[in-house]
Amino acid sequence: MQPIIEVKKLSKSFGSVTVLSEIDARIMPQEVVVVIGPSGSGKSTFLRCLNLLEVPEHGDISIEGQSLMDKNTNITEMRAEVGMVFQQFNLFPHMKVLDNITLAPLRVRKWAPDKARAKAMELLRKVGLEDKANMYPASLSGGQAQRVAIARALAMEPKVMLFDEPTSALDPEMVGEVLTVMQDLAREGMTMVVVTHEMGFAREVGDRVIFMEGGSIVEEGPPDQLFSNPQQERTRSFLSKVL
Amino acid sequence: MDFRFDIIIDYMPLILRGTMLTIGISILSIILGSILGLGIGFGKMSSRWYIRWPFQSYINFFRGTPLFVQIFIVHFGVIPAIIGRTDPFIAAITALSLNSAAYTAEIYRAGIQSIDKGQREAAQSLGMTNVQAMRYVILPQAIKRMIPAFGNEFIVLIKDSSLVAVIAAQELMYWSQAMSGQYYRIWEPYLTAALVYFILTYSLSKLLNYIERRM
Ligand SMILES: Nc1ncnc2c1ncn2[C@@H]1O[C@H](COP(=O)(O)OP(=O)(O)O)[C@@H](O)[C@H]1O
Ligand SMILES: [Mg+2]
């Protein structure tokens, strides 16, 4: 089976600081991969490389077999196939919730307004925010804003969804509502790469957990195995701090 | 002190004509300056130094030299070189537009760069091109933040337009000087001019406050 995302020997540095060194990874269709690791280990940079928000220096990234490094690949078109959810939501504050969701389907996919609107309403129902369609982002709680951001990414019908610490900026009582949406999404078969500190989510929803430290993948495996029987000392030491 | 309202009334038609020209020159210059400034602002934001450099130099030149000097250069140098004769009206608008473009370029740049970079990234991650991200996501937010600075620049421009009297563009200041010369009076012509400039800038700032509140 062809992986959705294939990463080969990916390296990235900022100036003289190497942030990622020779990362190899494959994300299979319908797989939920959870990335954990200490702050500064390169998790965000890794995720951002997957849709070229950061440009890698070495190595290769392919989406369904098409290389992002290939000069003939249209990066903008590839990005439309990869949804991304940010820690800070990044909703467009000057647009109503509905318009936040329909903007890219209208402008990038060139959908008819009726179709974009219907899709947006369907997604708002799915994340439980149908009644907020005509509100501005400023009037939403953090948990609601993040659910809208998820709906906005889903509206493009991406092949894979990337989540960069989607619950880290939320008040504790709002974490659950966002994780529930993500769990539903996983159950429906969405391919997902999730950077998170929510170990409960990793254990329950993840098919595979990747532990990163110092810009490398230290260890990976099914959550049960990685959490209860880590092979590497560095993994054990990290887990003892967060579990 | 005797204050001769009768000479102000005598001159009223010319004062009004001058005021209309002041308004015309200012509006045309702010429009042309804003369009030119948009290009210069984007040029200055280029990631390539050799594209950035000419735009940066333009801004440095027009902000670092007196408008008064620029008006002379344009009037006696640039315009004759292009159209073969001097023309105070064209020179006035050209000099004020070129000067204003340097300031509006910086307003655009500051406004655009004040928008959180997460906005651009969110737009890009949804598959938008740079142009789409700019048009639908960044500019609509940035323009709102630019309005006070634009208002300020427009007010400065109205006041600075009085300098073009020196090249005989027949605007408000030109007719005030003419009035002063004809009657050997100081207070009547220049207080009239000051009052008219004040009415123009004050109503403009009120209008801009209103627009800003409504957005
Ligand atoms: N744009 C950048 N410029 C310079 N250094 C950066 C930049 N982005 C990230 N870094 C550095 O790269 C390292 C990894 O960052 P990041 O990928 O955000 O880690 P994580 O998400 O695991 O906390 C950190 O040391 C960070 O300071
Ligand atoms: Mg991070």
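How many bridges join strand 3 (residues 32-36) of chain A to strand 9 of chain A, and do these strands run parallel or antiparallel? In this predicted model, 4 bridges link strand 3 to strand 9 of chain A, and the two strands run parallel. Within this pairing, A:Val34 has A:Val209 of strand 9 as its bridge partner.

**The sheet of chain A**

Strand 9 of chain A, which spans residues 208-213, is mostly covered, with 5 of its 6 residues buried. Besides its pairing with strand 3, strand 9 is joined by 5 bridges to strand 10 (residues 216-221) of chain A, and here the strands run antiparallel. A:Val209, the partner of A:Val34 in the parallel pairing, stands opposite A:Gly221 of strand 10. The hairpin formed by strands 9 and 10 of chain A has 2 residues between the strands, and A:Gly214 takes a positive phi near 55° in this hairpin.

These strands belong to an open sheet of 6 strands in chain A, with the order 6-7-8-3-9-10 and mixed pairing. Strand 6 (82-85) and strand 10 of chain A stand at the edges with a single partner strand each, so that one side of each is left without a neighbour in the sheet. On average, and with direction ignored, neighbouring strands of this sheet are turned by 20° against each other. Strand 3 of chain A is also joined by 4 bridges to strand 8 (residues 191-195) of chain A, again in a parallel arrangement, and A:Val35 stands opposite A:Val195 of strand 8. Helix 6 (residues 172-187) of chain A packs on the sheet, where it touches strand 3, strand 7 (160-164) and strand 8 of chain A, and its direction makes about 145° with that of strand 8.

**Helix 5 of chain B and its surroundings**

A UniProt record, an unreviewed entry, places the feature "domain: ABC transmembrane type-1" at residues 19-208 of chain B. Over residues 19-208, chain B is 84% helix and 0% strand, and the end C-alpha atoms are 20 Å apart.

Helix 5 (residues 117-125) of chain B has 7 of its 9 residues buried, so it is largely enclosed by the rest of the structure. The buried residues of this helix are B:Gly118, B:Gln119, B:Glu121, B:Ala122, B:Ala123, B:Gln124 and B:Ser125. What covers them includes helix 1 (43-49), helix 2 (75-79), strand 6 and helix 5 (142-154) of chain A, together with helix 6 (130-160) of chain B. B:Asp116 caps the N-terminal end of helix 5 of chain B, with a side-chain oxygen 2.8 Å from the backbone nitrogen of B:Gly118. Just after this helix, B:Gly127 takes a positive phi of about 95°.

**Individual residues of chain A**

The table sets out where three residues of chain A lie and how accessible they are.

| Residue | Location in chain A | Relative accessibility |
|---|---|---|
| A:Glu22 | strand 2 (residues 17-27) | 48%, partly exposed |
| A:Lys110 | loop between helix 3 (97-107) and helix 4 | 60%, exposed |
| A:Asp131 | loop between helix 4 (113-126) and helix 5 | 58%, exposed |

A:Glu22 has a positive phi of about 50° although it is not a glycine, and A:Lys110, likewise a residue other than glycine, has a positive phi near 60°. For A:Asp131, the C-alpha atom is separated by 40 Å from that of A:Ile61, the two residues being 70 residues apart along the chain.

Note on methods: Residues are numbered from 1 along each chain as its sequence is written. Chains are lettered from A and ligands numbered from 1 in the order in which they are written. This is a predicted model: local features need pLDDT of at least 70, side-chain atom pairs count only at pLDDT 80 or more; totals for chains, interfaces and linings use all residues. Side-chain values use heavy atoms; hydrogens and water are left out. Buried means under 20% relative accessible area, exposed over 50%, partly exposed in between (1.4 Å probe, protein chains only). Two strands pair if DSSP finds at least two bridges between them. Axes are lines fitted to C-alpha atoms, for helices over the stretch in contact, and angles run from 0 to 180 degrees between N-to-C directions. Contact means heavy atoms within 4.5 Å. UniProt positions are given in the numbering used here, feature names are shortened, and annotations may be inferred rather than shown by experiment. A polar contact is a pair of N or O atoms within 3.5 Å; within protein, one must be able to donate a hydrogen and the other to accept it, and residues adjacent in sequence count only if both atoms are side-chain atoms.
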